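Please look over the structure shown here before reading the notes that follow. They are arranged by topic for a reader at the bench.

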Amino acid sequence: MMRLGNLLQKKVNTKSLIFYVAFSLVSVLTMAERSALIEVPHFLGIMVTGLVMLLFIVKIIIDGRNWKELFVAVIFAITFVLLEIFGAPSFMLTSCFAFLAMRGVDIRTVVKIDVLVKSVFLASHALIFAVDYVTGLEFAQEFVASSAKGTTMSLYFRNPNTTGLIGTWLALDLLYLKNNKKIKDYIFPTLVALSTFVVTTSRASFLIYVIYLGLQLIKSPRKLTILQKIIYPLFFFASLWMVLFISVGSPMYDTLNHLTSGRIGFSLLAFDLVGFNILPSASNSLLLEQYILDVFYVRCMVDYG
């Protein structure tokens, strides 16, 4: 009986459960907002986000932090609240509170929740789209497009890149849950990522997966740490160099813009429109609504701050 009690106590942790509920809610809301089949009322989105924030705050308070840790948490929270007031997207504030509330949480359980939510949404949307497409429903044709890359299908998500990211992150989640990976452990996740790429032709998402597979060949934790510390600043300065020194119409611009499906062009236009920003700006976000800014560091420069 004592063993059973200890096992239940280990499995059912109230503090962690609060985090899991909040994470589940924000995951479902995020996926619903990216779905073309679900229209999330604005007030409902605000209510769910408010509840998620409340749960994260409760988790932070009951974690038993000392005054120094609470002070640091409050400083972080105030900073991100101010950033949202300036115009930063709400996911940044939610992510901040999730990070602060993550103490003592089993990351594998969080990843399993993410796998469940993504799997349900991706499978259900793919099935509904397939039935509608085969039966010739006109609505389904709106989510099929042709480009230089070929035919793309978004499977009833907002766009093919969204679908590509969902499939890719699902594959990465599945691999994360595998310890001491063997060749057979890569088969199903790779099929998920490859199938998503074939349907969406989202090259950036598939490239992320290929890079991840390449990183698996590096067995030294020290080398991975050094690589991680180098690669992010490198990407930032490469993005900054791109918007400052690449000229529209130059041979380099034409080559890179073609390879990135127009992302370079949108990045340069957006940077020319609003310039470099230290803080987020709601007015800039409105100006940039028509720009496809998939380059993260460029979006930070011109939008997030």
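The briefing below takes up the nonpolar cores, a helix and its surface patch, a buried serine, and the salt bridges. The model is predicted, and every value given here is computed from it.

**Nonpolar cores**

- The largest nonpolar core holds 41 residues, and within it F19, F56 and F97 are the residues that touch the most other members.
- Two or more residues of this core come from each of the elements α2 (14-33), α3 (42-62), α4, α5 (90-100), α6 (107-134), α8 (160-176) and α9 (187-200), and the largest share, 8 residues, is given by α2.
- Setting aside residues up to four places away in sequence, F56 touches F19, A22, F23, T94, F97, A98 and A101, so that two of its contacts, F19 and F97, are themselves named with F56 as the core members that touch the most others.
- Apart from this core lies another one, made of 16 residues, among them M242, Y253, Y297 and V302.

**Helix α4 and the surface patch**

- F76 is found in helix α4, which spans residues 67-86, and F76 counts as partly exposed because its relative accessible area is 42%, a value between the limits of 20% for buried and 50% for exposed.
- When residues up to four places away in sequence are not counted, F76 touches C96 and L100; the second of these, L100, is 24 residues from F76 in sequence, while the C-alpha atoms of F76 and L100 are 8.6 Å apart in space.
- V74 also lies in helix α4, and V74 counts as partly exposed because its relative accessibility is 43%.
- V74 belongs to a nonpolar patch on the surface, which is formed together with I78, V81, L82, I85, F86, F276, I278 and L279 and has about 870 Å² of accessible area in total.

**A buried serine in helix α2**

- S27 has its place in helix α2, and S27 counts as buried because its relative accessibility is 8%, where the limit for that class is under 20%.
- Leaving aside neighbours within four places in sequence, S27 is in contact with D114 and V117.

**Salt bridges**

- Side chains of opposite charge can pair when their charged atoms come close, and the structure holds 4 salt bridges, including the three described below.
- D63 forms a salt bridge with K59, in which the closest N and O atoms are 2.9 Å apart, and both D63 and K59 are buried.
- The side chains of K178 and D185 meet in a salt bridge with an N to O distance of 4.0 Å, whereas the side chains of K184 and D185 meet in one with an N to O distance of 3.5 Å.
- D185 is classed as buried because its relative accessible area is 11%, K178 is partly exposed because its relative accessibility is 39%, and K184 is exposed because its relative accessible area is 57%.
- K178, K184 and D185 are joined into one network by salt bridges that share partners.

Terms used:
Residues numbered from 1 in each chain as written. Predicted model: local features only at pLDDT ≥ 70, side-chain atom pairs only at ≥ 80, totals over all residues. Heavy atoms only, no water. Helix = DSSP H or I, 4+ residues; strand = E, 2+ residues; numbered from the N terminus. Buried < 20%, exposed > 50% of the residue type's maximum accessible area, 1.4 Å probe, protein only. Contact = heavy atoms within 4.5 Å. Core = buried A, V, L, I, M, F, W, Y, C linked by side-chain atoms within 4.5 Å. Patch = residues over 30% accessible without salt bridge, like charges linked within 9 Å, V, L, I, M, F, W, Y side chains within 5 Å. Areas by Shrake-Rupley, 256 points an atom, 1.4 Å probe, with all protein chains shown as cover.
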